[in-house]
Amino acid sequence: MAIEIGQFKGGWDELVELLDLAFAAPWTETQLEAERRVWEADRSTVATDDGQLVGHTGTFSFRMTVPGAQVPVGGVTMVGVRPTHRRRGILRDLMRAQLTEIHEAGTEPLAALTASEAVIYGRFGYGLAADYQAIVVPKVSRALRSVAGIDDVRIRYVDVREALAGCAALRNRLAEERPGMFQHDDRWNEHIISDNVTSDPANGSKRRCVLAERDGELTGFAHYRTKRAEKGYVQVDRVHAVDIASHAALWRYLLEPDLLSETRSEIASDDPLLDLLLDPRAPSPITRDGLWVRTVDVGRALAARTYARDIDVVLDVTDGFLPWNVGKWQLSGGPDGATCEPTTREADLTVDVRELGAVYLGRPSLARLGRAGLVEEHTAGALAATSQAFSTSRLPFLDTGF
Ligand SMILES: CC(C)(COP(=O)(O)OP(=O)(O)OC[C@H]1O[C@@H](n2cnc3c(N)ncnc32)[C@H](O)[C@@H]1OP(=O)(O)O)[C@@H](O)C(=O)NCCC(=O)NCCS
């Protein structure tokens, strides 16, 4: 019997049975419960073989910060194919069905995901739009350059749940300024603290929270755990602060753990901590792929963000997966907004949707991709100008894997 692709009609337990097999069962019961809470059952697309669930992809309804705006984005998640059914094109069919559905619904011009393996999604038109730095700072190398006002910031230990509402509001406010971040609603606020609320021998302590305060006002917070081991460490989940003194004060606290020897985290590639550590070699940063972005509808996606400088360019877009994006698009706009419509004008650049997804949030530069031979320039100067227009002052980053 042929594989059928359609809307999921089953329940969470059936889905978990599939994901448990597909991901080789890395999850605890607590983590699965956390996933269940954010799962959007009516946005699950599945493959079935004679009634048996053999593949799944889900979509979260995100509101994501992009340069100059916030837009609805389909967050692709829980992608898995039953091990007995792999390499028969099921993922490809699921991806096509999901992206077609997002396109037809017409509200989300983009899709985004965080990948378990970095080589999978480029073929479906996803570009690597945000990276991050995995850092490990030994306690002996914790010294920071001096930061004005750092001693005016008070660091206070609090219960993670009791402080949740205040921290969540601050995080969402700051998320509006950082491309790549999505807004956490109540379910996501709960989700980010719900796994490992209790101590777990594998992961260490329960999640802990410290606040940064100045004159009694909340100016930042950090979520972290501690793990006692031969080489004990602090695992920092997220640090958000409204100013550099608070940011540095939180890190000064996190880098000096009693009884433990190092601090680990995954931070934005432009996190000020990287510039403040006295020894720039101390964190041994490793660049990893973070957020992958897909322009589901080129016209609506490119019109949804703003541009660093005025731009009027014709892009000849290639897309081997979603035919409605193929063709010439005139992008006109600047810092206040943009339009992007089909055109018959001559093209200035030829670019694949994968590259458009990669540069959509401001990183990497289109010029850099051009140097790699991934963008073709037909009009002299068009690549440099378009590249500048797409650039942002802050690098994209996402503090929440999904
Ligand atoms: C990754 C996974 C979903 C792929 O499903 P699948 O049905 O076997 O994939 P398909 O047969 O549709 O493959 C489509 C293409 O992707 C490639 N591909 C699939 N999985 C790949 C992988 N892990 N690494 C590299 N390439 C991969 C295939 O070779 C094929 O390439 P082609 O277009 O050149 O023919 C499946 O192997 C799985 O469930 N893995 C474990 C869970 C996981 O990693 N999920 C992804 C979470 S982000």
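Is D215 buried or exposed? D215 is exposed, because just 8 other C-beta atoms sit within 10 Å, and 12 or fewer is the mark for calling a residue exposed. Keep in mind that this is a predicted model.

**Two aspartates with positive phi**

D215 isn't a glycine, yet its phi is positive, at about 50°. You'll find D215 in the loop between β8 (208-214) and β9 (217-227). D50 tells a similar story: its phi is near 55°, again positive in a residue other than glycine. D50 belongs to the loop between β2 (44-49) and β3 (52-66). D50 also counts as exposed, because 9 other C-beta atoms lie within 10 Å and the limit for that label is 12 or fewer. Side by side, the pair looks like this:

| Residue | Phi | Loop | Other C-beta atoms within 10 Å |
|---|---|---|---|
| D50 | near 55° | between β2 (44-49) and β3 (52-66) | 9 C-beta atoms |
| D215 | about 50° | between β8 (208-214) and β9 (217-227) | 8 C-beta atoms |

There's one more backbone detail to point out. The peptide bond that links R363 to P364 is cis, and its omega is near -5°. P364 is part of the loop between α9 (353-359) and α10 (366-371).

**Domains**

The domain assignment splits the protein chain into domain 1 (3-113), domain 2 (133-288) and domain 3 (297-390). Taken over C-alpha atoms, the centres of domain 2 and domain 3 are 36 Å apart.

**The 12-stranded sheet**

Now for the sheets. One of them is open and has 12 strands, in the order β1-β2-β3-β4-β5-β12-β6-β11-β10-β9-β8-β7, with mixed pairing. At its edges are β1 (3-7) and β7 (154-158); each has a single partner strand, so one side of each has no neighbour in the sheet. From one strand to the next, the twist averages 25°.

At the β1 end, β1 and β2 are antiparallel and share 5 bridges, with I3 opposite D49 of β2. Two helices come in here. Helix α1 (residues 12-22) packs on the sheet, where it touches β3 and β4, and its direction is at about 75° to that of β4. Helix α3 lies across β1, β2, β3, β4 and β5 (110-113), and runs at about 40° to β3.

Further along the order, what about strand β11 (residues 262-268)? How many of its 7 residues are buried? The count is 6, so β11 is largely enclosed by the rest of the structure. Strand β6 (residues 127-138) runs antiparallel to β11, and 7 bridges join them; P138 stands opposite E262 there. Strand β10 (residues 233-241) pairs with β11 in the parallel sense over 4 bridges, and S265 in β11 is the bridge partner of V236.

**Around W39**

W39 sits in the loop between α2 (29-38) and β2. With 18 other C-beta atoms within 10 Å, W39 is partly exposed, because buried would take 20 or more. Leaving out residues up to four places away in sequence, W39 touches W12 and G58. W39 and G58 are 19 residues apart along the chain, and 7.9 Å separates their C-alpha atoms.

**The ligand's surroundings**

Which residues are closest to the ligand? They are V81, R86, I90, L91 and R92, out of 18 residues that surround the ligand. By type, the shell has 9 nonpolar, 6 charged and 3 polar residues. Both β4 (69-81) and α3 (90-105) supply at least two residues each to the shell. These are elements you've already met: α1 touches β4, and α3 lies across β4 as well as β1, β2, β3 and β5.

**The five-stranded sheet**

There is also an open sheet of 5 strands, ordered β15-β14-β13-β16-β17, with mixed pairing. Its edge strands are β15 (337-342) and β17 (375-377), each of which pairs on one side only. On average, neighbouring strands in this sheet are turned by 25° against each other, direction ignored. Strand β16 (residues 349-352) is antiparallel to β17, with 3 bridges between them, and V351 is opposite V375 of β17. Helix α11 (residues 382-390) packs on this sheet, touching β13 (311-318), β16 and β17, and its direction makes about 100° with that of β13.

Technical notes: Residues are numbered from 1 along each chain as its sequence is written. This is a predicted model: local features need pLDDT of at least 70, side-chain atom pairs count only at pLDDT 80 or more; totals for chains, interfaces and linings use all residues. A residue is near a molecule or strand if its C-beta atom, placed from the backbone, lies within 6 Å of it. Ala, Val, Leu, Ile, Met, Phe, Trp, Tyr, Cys and Pro count as nonpolar, Asp, Glu, Lys and Arg as charged, and the others, Gly among them, as polar. Two strands pair if DSSP finds at least two bridges between them. Axes are lines fitted to C-alpha atoms, for helices over the stretch in contact, and angles run from 0 to 180 degrees between N-to-C directions. Two residues are in contact if their C-beta atoms, placed from the backbone, lie within 7 Å. Domain bounds come from an automatic or database domain assignment.
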